[in-house]
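Biologist: Hi! I have a new model open and I'm not sure how to read it. Could you walk me through it?

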Amino acid sequence: MKTIYLRRTLLNRCPRCGKGPVLKNLFHRFEECSECKLVYSREDGFFIGGIPISYGLICLLWIIPLLIAWSLDWLARDWFLGLCFGGAFALPILSYRYCQCLWLGLYFVFAEHEMPEEGEDSV
Ligand SMILES: [Zn+2]
């Protein structure tokens, strides 16, 4: 298990070479690495794997802290509901591409044998 793939994608770098960026900006992703030409999408629908990562991160980093704050009376109910619904709308949009980047790294952590060597056909 090579966790280097995940560490590279956490920093928005290609999982194979660690040089080229995966994300162009918050809303767009490159199709292949600018350095080693690794095609990021492994098959049709590959990046749907970013959805459960986005969901998990939002629950862990947004919903659970809000629930704790509300249950301890640190947040009024109206603020709690507003932050929950606002986060439920905005955070998936803001985090989706980055979560696709994380999915790419996680994929190669667990499917290391599918990482093509440089110069091989990338898909
Ligand atoms: Zn690369």
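Modeller: Happy to! Let's begin with a term we'll need: a residue is buried if 20 or more other C-beta atoms lie within 10 Å of its own, exposed if 12 or fewer, and partly exposed in between. Keep in mind that this is a predicted model.

Biologist: Okay, let me try that on lysine 37. Where is it, and how does it count?
Modeller: Lysine 37 sits in the loop between S2 and H2. It has 15 C-beta neighbours inside 10 Å, so lysine 37 counts as partly exposed.

Biologist: What about its phi?
Modeller: Lysine 37 has a positive phi of about 65°, although it is not a glycine. Asparagine 12 also has a positive phi, near 60°, and is a residue other than glycine. You'll find asparagine 12 in the loop between H1 and S1. With 16 other C-beta atoms within 10 Å, asparagine 12 is partly exposed. Then there is aspartate 73, just after H2, with a positive phi of about 65°.

Biologist: Let's zoom out. How many helices and strands does the protein chain have?
Modeller: The protein chain has three helices and two strands. Reading from the N terminus, the order is α-β-β-α-α.

Biologist: And the overall shape?
Modeller: The C-alpha trace spans about 60 × 25 × 25 Å along its principal axes. The radius of gyration of the protein chain is 17 Å, whereas a compact globule of 123 residues would have one near 14 Å.

Biologist: How much of the protein chain counts as buried?
Modeller: Of its 123 residues, 22% count as buried.

Biologist: Do the contacts link distant parts of the sequence?
Modeller: Take the contacts with a separation of 6 or more: residues 24 or more positions apart account for 57% of them.

Biologist: Now the helices. What span should H2 have, and what does it have?
Modeller: At 1.5 Å a residue, the 22 residues of H2 should span 32 Å, and the end C-alpha atoms are 30 Å apart, which agrees. H2 still has a bend of about 40°, at cysteine 59.

Biologist: And H3?
Modeller: Helix H3, residues 77-110, spans only 42 Å between its end C-alpha atoms, while a straight helix of 34 residues would span 50 Å. H3 bends by about 45° at tyrosine 96.

Biologist: Which residues of H3 are buried?
Modeller: They are Ser95, Arg97, Tyr98, Cys99, Gln100, Cys101, Leu102, Trp103, Leu104, Gly105, Tyr107 and Phe108.

Biologist: What covers them?
Modeller: The cover includes helix H1 (4-10), strand S1 (23-25), strand S2 (28-29) and helix H2 (50-71).

Biologist: Is H3 part of a nonpolar core, then? Which residues touch the most other members?
Modeller: The largest nonpolar core has 15 residues, and Val22, Cys101, Leu102, Trp103 and Leu104 touch the most other members. H3 gives the most to this core, with eight residues.

Biologist: Pick one of those for me. What does leucine 102 touch?
Modeller: Leaving out residues up to four places away in sequence, leucine 102 touches Thr9, Leu10 and Ile53.

Biologist: Is there a residue in H1 I should look at too?
Modeller: Try arginine 8, which is found in helix H1. Arginine 8 and leucine 102 are 94 residues apart in sequence, and their C-alpha atoms are 9.1 Å apart in space.

Biologist: Is arginine 8 buried or exposed?
Modeller: Arginine 8 has 22 C-beta neighbours inside 10 Å, so it counts as buried. Not counting residues up to four places away in sequence, arginine 8 touches Arg13, Cys14, Pro15, Gly18 and Gly105.

Biologist: Different topic: where is glycine 49, and what is it in contact with?
Modeller: Glycine 49 is in the loop between S2 and H2. Setting aside its neighbours within four places in sequence, glycine 49 is in contact with Trp103 and Tyr107. With 17 C-beta neighbours inside 10 Å, glycine 49 counts as partly exposed.

Biologist: Last one: what about proline 116?
Modeller: Proline 116 lies in the segment after H3. Its count is 15 C-beta neighbours inside 10 Å, so proline 116 is partly exposed. Proline 116 and glycine 105 are eleven residues apart in sequence, with 14 Å between their C-alpha atoms.

Biologist: Thanks, that helps a lot!

Key:
Residues numbered from 1 in each chain as written. Predicted model: local features only at pLDDT ≥ 70, side-chain atom pairs only at ≥ 80, totals over all residues. Helix = DSSP H or I, 4+ residues; strand = E, 2+ residues; numbered from the N terminus. Expected span 1.5 Å × (residues − 1). Bend = angle between axes of the 7 residues up to and from the residue. Contact = placed C-beta atoms within 7 Å. Core = buried A, V, L, I, M, F, W, Y, C linked by C-beta atoms within 7 Å. Rg over C-alpha atoms; globule rule 2.2 N^0.38 Å.
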